[in-house]
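Me: I have a model open and would like to talk through its pockets and one of its residues. Could you take a look with me?

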Amino acid sequence: MKIKIKIQENRKEQFQRLFMVNRFPSGRTGKVVYLRPEYHERLLRIIQLPGEEKITLYSYIDNIMEHHSREFGEDIKDYFNDRNKPIL
């Protein structure tokens, strides 16, 4: 049981380190992205937790995309290149 608790704590710390960090510059220099209303509400609730350091929606989504690109970047590139003229 202690091992499971330790793993969960590590996952919580990893989540906070990866996703709950502000990125700069602000989202004003980025692009508009439309989300389903239920995802928008869920994301806002996550980033506005009481007692937590506030991060912007822009930063949270940017962190998700950065992680996704690191985890699946090669797969995405291969998928694209298999179906199109290679981009890289």
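Me: Which residues lie nearest the centre of the largest pocket, and how many residues line it?

Reply: Happy to help! Bear in mind that this is a predicted model. The lining of the largest pocket is made of 11 residues, and K31, V32, V33, Y58 and I61 are the ones nearest the centre. The space inside comes to about 300 Å³.

Me: What makes helix α3 stand out in the lining of the largest pocket?

Reply: Helix α3, residues 57–83, gives four residues, the largest share of that lining. By class, the lining has six nonpolar, three polar and two charged residues.

Me: What lines the second largest pocket, and which class does each kind of residue fall into?

Reply: The lining consists of F15, Q16, M20, R45, I46, L49, E52 and E53. Phe, Met, Ile and Leu count as nonpolar and Arg and Glu as charged, while Gln falls among the polar ones, so the lining has four nonpolar, one polar and three charged residues. At least two lining residues come from each of α1 (2–19) and α2 (37–47). About 160 Å³ of space lies in this pocket.

Me: Why is N63 called buried?

Reply: N63 has a relative accessibility of 1%. Buried means under 20%, so N63 counts as buried.

Me: Where does N63 sit, and which residues is N63 in contact with, leaving aside neighbours within four places in sequence?

Reply: N63 belongs to helix α3. With those neighbours set aside, N63 is in contact with L18, F19, M20, V21 and R23.

Definitions and conventions:
Residues are numbered from 1 along each chain as its sequence is written. This is a predicted model: local features need pLDDT of at least 70, side-chain atom pairs count only at pLDDT 80 or more; totals for chains, interfaces and linings use all residues. Side-chain values use heavy atoms; hydrogens and water are left out. On a 1 Å grid over the protein atoms alone, a cavity is a set of points where a 1.4 Å probe fits but cannot get out, and a pocket is an open set with protein on both sides within 12 Å along at least five of seven lines; lining residues have an atom within 4 Å of a point. Grid points are joined across faces, edges and corners, and a volume is the space filled by probe spheres set on the points. Buried means under 20% relative accessible area, exposed over 50%, partly exposed in between (1.4 Å probe, protein chains only). Contact means heavy atoms within 4.5 Å.
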